[in-house]
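Please examine the following protein model together with its sequence. The explanation after it moves from the whole chain to single residues.

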Amino acid sequence: MPTVDDILEHIGEFNFFQKQTFFLLCLISAAFTPIYVGIVFLGFTPDHRCRSPGVAELSRRCGWSLAEELNYTVPGPGPEGQCLRYEVDWNQSTLGCLDPLASLATNGSPLPLGPCEQGWVYDTPGSSIVTEFNLVCADSWMLDLFQSAVNVGFFIGSMSIGYIADRFGRKLCLLITILINASSGVLMAISPNYTWMLIFRLIQGLVSKAGWLIGYILITEFVGLRYRRTVGIFYQVAFTIGLLVLAGVAYVLPHWRWLQFTVTLPNFCFLLYYWCVPESPRWLISQNKNAKALKIIKHIAKKNGKPLPGSLQSLRPDEEVGEKLNPSFLDLVRTPQIRKHTLILMYNWFTSSVLYQGLIMHMGLAGSNIYLDFFYSALVEFPAAFLIILTIDRIGRRYPWAISNMVAGAACLVSVFIPEDLHWLRVTAACLGRMGITMAYEMVCLVNAELYPTFISCGWPDCWRISAVAPRNQREDFA
């Protein structure tokens, strides 16, 4: 009885149907970028200072430059100047234009400072959630909460939506995540206050990364064995392309609401995948739905212009498998070998995610230009994908995976001790760290896919379920 891989060898392992589906699903991978790292632009914190009534009028009357205005009216650089103000009535007519505060200080004592009761002035031509909702100083923790809400959504969504994908199908789950993600993204863009914005961002986190991973599952289940690793890696390269596009879109649209609208609306187009992307025949077979699987296989053969093997056409669908497989979270720890894999992958998913997000937000290659900084740091990811393709089939997975983690950790550790004046060395360390963690992140997706059988869902904290499509002997060889 032929397997799906045997059939794909006859009807095409990576022909027109697979290439078309791969391109469509790569669009989902690229569209996931604004949710995963969009905080860089949505939550950008520009230089700011307390808004003091009368300062603008005094500055205009005296003809001060911005530097002179800051020197005369702001307590100082750093947090003090950003979060405190002189408790002075700037509207009084006795203030002069040359060091106006000198006449107010008695006996050389410093002037009293107070909180920014009138809000802040931000040195930026655009807007972000920080500037609109004043998420600075005492309320700066609310910006961290905004990003934490997404990560909490990733955590909860992995344990619920991943299970749905295993139980009710990849296509249904993909369409549900697309609809919820697009709707909550638009609602976030029109949120009237911080609370509603936080709620809709949490909802996006619940479904967005699960949708990205379901796309990974589908494309690796549609292609033949020889192409599985390659499409998995290039699916993640599409995410990198999304980083480059995001930098350009954010530069053109510096206002966060318009940016959120622009990066969210294309997600509604993905609902058309209902007619473009079929269900995974591998999942259908694992659920004893062989008639539907046979219908999809015939569709793939027709799109590829290849004939079906005669042996397949004479099979009775019900003879394909015996029992319907019902996934369970306990399958992740049921045997010592699977339990070991699960714990290792949980730890590596966690460390890779934390370090990747940290580096992507604090690269610092282009100084104060956040757009070039983001763009340059994304370019570093392309060599990482190239190195994976060169090494995994020649020296296996263990060594590239281990070395990439060690390089990323060492580069980040060394960068702490590099002096500020050695900018070129800091950039080199940052690039090595980003390249290493990108390799580790892409490798963990690949290894995750090869260690688990098709019906197991790896849905614990960021140890995401990616269906195993490698043959059993490959999984045992890695172990």
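The paragraphs below take up the overall fold, one helix, the disulfides and then several individual residues.

The model is a predicted one. The protein contains 24 helices and 4 strands. Of its 479 residues, 51% count as buried. When contacts between residues at least 6 apart in sequence are considered, 80% of them join residues at least 24 apart. The accessible surface amounts to about 22,100 Å², and carbon and sulfur atoms account for 65% of that area.

Helix 11 offers a convenient place to begin the closer reading. It comprises 29 residues, spanning positions 194-222. From its first C-alpha to its last, helix 11 reaches 42 Å, which is close to the 42 Å expected at 1.5 Å a residue. The helix nevertheless carries a bend of about 25°, located at Gly-205. With regard to solvent, helix 11 is mostly covered, since 23 of its 29 residues are buried. Its N-terminal end is capped by Asn-193, from which a side-chain oxygen lies 3.2 Å from the backbone nitrogen of Thr-195.

A contact partner of this helix region is found through Asn-181, a residue of helix 10 (residues 170-189). Asn-181 counts as buried because its relative accessibility is 7%, below the 20% limit for that class. The side chain of Asn-181 makes a polar contact of 3.0 Å with the side chain of Gln-204. Apart from residues up to four places away in sequence, Asn-181 touches Gln-204, Val-207 and Ser-208, and also Ile-35, Thr-264 and Asn-267.

The next topic is covalent cross-linking. How many disulfides does a search of the whole structure find? The search returns 2. One disulfide joins Cys-50 to Cys-116, with an S to S distance of 1.6 Å. This pair links distant parts of the chain: Cys-50 belongs to strand 1 (residues 48-50), whereas Cys-116 sits in the loop between strand 3 (113-115) and strand 4 (120-122), and 66 residues separate the two. Both Cys-50 and Cys-116 are buried.

Another disulfide connects Cys-83 and Cys-137, with an S to S distance of 2.0 Å. The angle about its S-S bond is -95°, and the link is left-handed. Cys-83 lies in helix 7 (residues 79-83) and Cys-137 in the loop between helix 8 (129-133) and helix 9 (141-168), so the disulfide ties together parts that are 54 residues apart in sequence. Cys-83 counts as partly exposed because its relative accessibility is 22%.

Other cysteines can be described by their surroundings. Cys-26 has a relative accessible area of 11% and is therefore buried. Cys-276, in helix 15 (residues 273-276), counts as partly exposed because its relative accessibility is 31%. Which residues are in contact with Cys-276, once its neighbours within four places in sequence are left aside? They are Gln-20 and Leu-24. Cys-276 and Gln-20 are 256 residues apart in sequence, yet their C-alpha atoms are 9.1 Å apart in space.

Helix 2 (residues 16-31) contains Ser-29. Is Ser-29 buried or exposed? Ser-29 counts as buried because its relative accessibility is 0%. Outside the four places on either side in sequence, Ser-29 is in contact with Trp-212, Tyr-235, Gln-236, Ala-238 and Phe-239. With Phe-239 there is also a polar approach, in which the side chain of Ser-29 reaches the backbone nitrogen of that residue at 3.4 Å. A further spatial relation joins distant positions in sequence: the C-alpha atoms of Ser-29 and Ile-241 are separated by 9.2 Å, although the two residues are 212 apart along the chain.

Finally, Tyr-163 is placed in helix 9. Tyr-163 counts as partly exposed because its relative accessibility is 25%, a value that falls between the limits of 20% for buried and 50% for exposed residues. Tyr-163 and Cys-173 are 10 residues apart in sequence, and the distance between their C-alpha atoms is 9.6 Å.

Definitions and conventions. Residues are numbered from 1 along each chain as its sequence is written. This is a predicted model: local features need pLDDT of at least 70, side-chain atom pairs count only at pLDDT 80 or more; totals for chains, interfaces and linings use all residues. Side-chain values use heavy atoms; hydrogens and water are left out. The expected span of a helix is 1.5 Å times one less than its number of residues. The bend at a residue is the angle between axes fitted to the seven residues ending there and the seven starting there. Buried means under 20% relative accessible area, exposed over 50%, partly exposed in between (1.4 Å probe, protein chains only). A polar contact is a pair of N or O atoms within 3.5 Å; within protein, one must be able to donate a hydrogen and the other to accept it, and residues adjacent in sequence count only if both atoms are side-chain atoms. A disulfide is a pair of cysteine sulfur atoms within 2.5 Å. Contact means heavy atoms within 4.5 Å. Accessible areas come from the Shrake-Rupley method with a 1.4 Å probe; for residues, only the protein chains shown count as cover.
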